[in-house]
Amino acid sequence: MMALVDRIFSIQNDTEFEQIALEVFEYQKSNCLVYKKYIDYLNWPYPTKIEEIPFLPIDFFKSQKIISEEFTQEIIFKSSGTGGKRSSHYVAQTSLYEKSFNFNYEKLLGNPQEQVILALLPNYMEQGESSLIYMVDNLISKSPHPLSGFVLNDLDEIKKRYDEAIRLNIPVVIFGVSYALLDLAALNFNFEKALIIETGGMKGKRKELTKLELHKELKLGLKCENISSEYGMTELLSQAYSKENGLFKTTSLMKVLIRETDDPFTYTELGKTGGINIIDLANLYSCSFIATQDLGKVHKDGFEIM
């Protein structure tokens, strides 16, 4: 399996991605009992291309233990649970998760060793068992700057650390849950030189906003030209990021397909809204083919969340 992992992280083009995705499907069909049962119930024919692979509805992570029978979990990540019952991701190898999020971050956002990384994620800190906290903590540990770290609720402290980093000419990245960033924006501090990454929703703390409304309010209050976003979830080991215009980019580990809302086994044309299906090859030891409950569109240069 290590050879397959190495090949996953060395994918160079769509042809290689498809070939490896089909190999991952074959492995998971044989080793992930929940996925195997789902395929059997569908009486699904053997796929010959990505579009023919069956995608597991994401709700299965709320009721089933989805992991390869060859492994026992090293850690269990749980969702925030603001939408009801919490999802659980049984992760066979934390090293594979770390390899994935570091790969995605460095490809899309830069080298954490050259950044001050600040985290304003109080809800995730309080609830525990968060894959996001695990990821950001690991990224912070790679930053050599003592200014990097988690700041629970002290918004003035975020500003102090940002100002000092800018004085030292060090790039600043701020991860923040949406409602906490809105609290920060209400103070009208200037963060024009920071890369601000909003992640997650309001977690029941505020009225939900569309991405457009949220980013408009954050840009105004934080004096930023752009607000970035992280698209990740408990059920995935990879992440996508948008740096501007709300368009998310993926690395070679992920691919997004848009299914018809009234037919989950048919895909839409480019630019049309539908349900988001995600292939995450880093999910090698759980399930790499996830049908999410999000709506979105795929464009030539990325995808957007509706």
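Author: A salt bridge is a side-chain nitrogen of Lys or Arg within 4 Å of a carboxyl oxygen of Asp or Glu. The model discussed here is predicted.

Reader: What makes Glu 164 and Arg 167 a salt bridge?

Author: Their side chains meet at 2.6 Å, N to O. The cut-off is 4 Å. The distance is within it, so the pair counts as a salt bridge.

Reader: Why are Glu 164 and Arg 167 separated by about one helical turn?

Author: Because they are three residues apart in helix 8.

Reader: Why is Arg 167 called exposed?

Author: Its relative accessible area is 60%. Exposed means over 50%, so Arg 167 qualifies.

Reader: And Glu 164, what makes it partly exposed?

Author: Glu 164 has 27% relative accessibility. Buried means under 20% and exposed over 50%, with partly exposed in between. The value of 27% lies in between, so Glu 164 is partly exposed.

Reader: How do you know that Arg 161 and Glu 157 form a salt bridge?

Author: The N to O distance is 2.9 Å. That is within 4 Å, so the definition is met. Both residues lie in helix 8, residues 155-167. They are four residues apart, about one turn of the helix.

Reader: Is Arg 161 called buried or exposed, and why?

Author: Arg 161 is buried, at 18% relative accessible area. The limit for buried is under 20%, so 18% meets it. Its partner Glu 157 has 24%. That lies between 20% and 50%, so Glu 157 is partly exposed.

Reader: What makes Arg 7 and Glu 23 a salt bridge?

Author: Their side chains meet at 2.8 Å, N to O. The limit is 4 Å, so the pair counts. This pair links distant parts of the chain. Arg 7 is in helix 1, residues 2-8, and Glu 23 is in helix 2, residues 14-31. They are 16 residues apart.

Reader: Why are Arg 7 and Glu 23 called partly exposed?

Author: Arg 7 has a relative accessible area of 32%. Glu 23 has 30%. Both values lie between 20% and 50%, so both residues are partly exposed.

Reader: How many salt bridges does a search of the whole structure find?

Author: Nine.

Reader: What makes the chain agree with a compact globule?

Author: Its radius of gyration. A compact globule with 306 residues would have one near 19 Å. The chain has 19 Å, so the two agree. Along its principal axes, the C-alpha trace spans about 60 × 40 × 35 Å. Of the 306 residues, 53% count as buried. The secondary structure comes to ten helices and 15 strands.

Reader: What is unusual about phi in Asn 43?

Author: Phi of Asn 43 is near 55°, a positive value in a residue other than glycine. Most residues other than glycine have a negative phi. Asn 43 lies in the loop between helix 3 (33-42) and strand 1 (56-57).

Reader: Why is Asn 43 called exposed?

Author: Asn 43 has 68% relative accessibility. Exposed means over 50%, so the label fits.

Reader: What about Asn 169, where does it lie?

Author: Asn 169 is in the loop between helix 8 and strand 6 (172-177). Its phi is near 60°, a positive value in a residue other than glycine. At 69% relative accessible area it is over 50%, so Asn 169 is exposed.

Reader: Why is Ser 131 called buried?

Author: Its relative accessibility is 8%. Buried means under 20%, so Ser 131 counts. Ser 131 lies in helix 7, residues 131-142.

Reader: Which residues is Ser 131 in contact with, leaving aside neighbours within four places in sequence?

Author: Phe 77, Tyr 97, Met 233 and Thr 234.

Reader: What makes Ser 252 partly exposed?

Author: Ser 252 has 23% relative accessibility. That is between 20% and 50%, so it counts as partly exposed. Ser 252 is found in the loop between strand 10 (248-249) and strand 11 (254-260). Leaving aside neighbours within four places in sequence, Ser 252 is in contact with Ile 11, Phe 17 and Phe 103.

Reader: How far apart are Ser 252 and Ser 10 in sequence and in space?

Author: They are 242 residues apart in sequence. In space they are 8.2 Å apart, C-alpha to C-alpha.

Note on methods:
Residues numbered from 1 in each chain as written. Predicted model: local features only at pLDDT ≥ 70, side-chain atom pairs only at ≥ 80, totals over all residues. Heavy atoms only, no water. Helix = DSSP H or I, 4+ residues; strand = E, 2+ residues; numbered from the N terminus. Buried < 20%, exposed > 50% of the residue type's maximum accessible area, 1.4 Å probe, protein only. Rg over C-alpha atoms; globule rule 2.2 N^0.38 Å. Contact = heavy atoms within 4.5 Å.
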